[in-house]
Amino acid sequence: MLGEYFTNQYIRALAIFLAVFLGVKILGYLLQVVVPKLTSKTKTTLDDEILKRVSTPLTWIAILLGIRFAIGEIGLKETLSQTIEGAVLTFIIIVGYFLAY
């Protein structure tokens, strides 16, 4: 899809990463400004605690997914690409573990 607009693979990868980064910034704003205003109106503090606990891991997962998708656009050798994607997915699993516990 981006190949129609950007012929350089590095520019495509950068565009994907920047789009994800912008999405992460928007998500961060929502999780730090908008959602706390909504959760502060409830009687319990459980939703506030859940929000505090998931904000950082969700941000890291989004960044790591952006890196993974951006690397997919760069024409690397198959073994190197698989190694990098495996490492990124491992970090996503580790962050997911911290999100769960």
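**Charges, overall build and three residues**

The protein chain carries 9 positive and 7 negative side chains, with the centres of the two sets 8 Å apart. For this tally Lys and Arg are positive and Asp and Glu negative, while His and the chain ends are left out; each charge is placed at NZ of Lys, CZ of Arg, CG of Asp or CD of Glu. The model is a predicted one, so local features need pLDDT of at least 70 and side-chain atom pairs count only at pLDDT 80 or more, whereas totals for chains, interfaces and linings use all residues. Residues are numbered from 1 along each chain as its sequence is written, and side-chain values use heavy atoms, with hydrogens and water left out.

On to the overall build. The protein chain has three helices and zero strands, running α-α-α from the N terminus on. Helices (H or I, at least four residues) and strands (E, at least two) are DSSP runs, numbered from the N terminus. The C-alpha trace spans about 55 × 30 × 15 Å along its principal axes. The radius of gyration of the protein chain is 17 Å, against near 13 Å for a compact globule of 101 residues; the radius is taken over C-alpha atoms, and the globule rule is 2.2 Å times the number of residues to the power 0.38.

As for the surface, the accessible area of the protein chain comes to about 7400 Å², and 70% of that belongs to carbon and sulfur atoms. Areas come from the Shrake-Rupley method with a 1.4 Å probe, and for residues only the protein chains shown count as cover. Of the 101 residues, 19% count as buried (buried is under 20% relative accessible area, exposed over 50%, partly exposed in between; 1.4 Å probe, protein chains only). Among contacts (heavy atoms within 4.5 Å) between residues at least 6 apart in sequence, 67% join residues at least 24 apart.

Now for helix α1, residues 9-39, which holds R12. R12 counts as buried because its relative accessibility is 15%. Its side chain makes a polar contact of 2.9 Å with that of E73. Such a contact is a pair of N or O atoms within 3.5 Å; within protein, one must be able to donate a hydrogen and the other to accept it, and residues adjacent in sequence count only if both atoms are side-chain atoms. R12 also sits 9.8 Å from I71, C-alpha to C-alpha, with their positions 59 residues apart in sequence.

T39 belongs to helix α1 too, and at 11% relative accessibility T39 is buried. A polar atom of the T39 side chain lies 3.2 Å from the backbone oxygen of P36. Setting aside residues up to four places away in sequence, T39 touches D47, D48 and L51.

Helix α2 (residues 46-73) is home to R68, which is partly exposed at 24% relative accessible area. Beyond its neighbours within four places in sequence, R68 contacts E85, V88 and L89. The C-alpha atoms of R68 and I16 are 9.9 Å apart, though 52 residues separate the pair along the chain.
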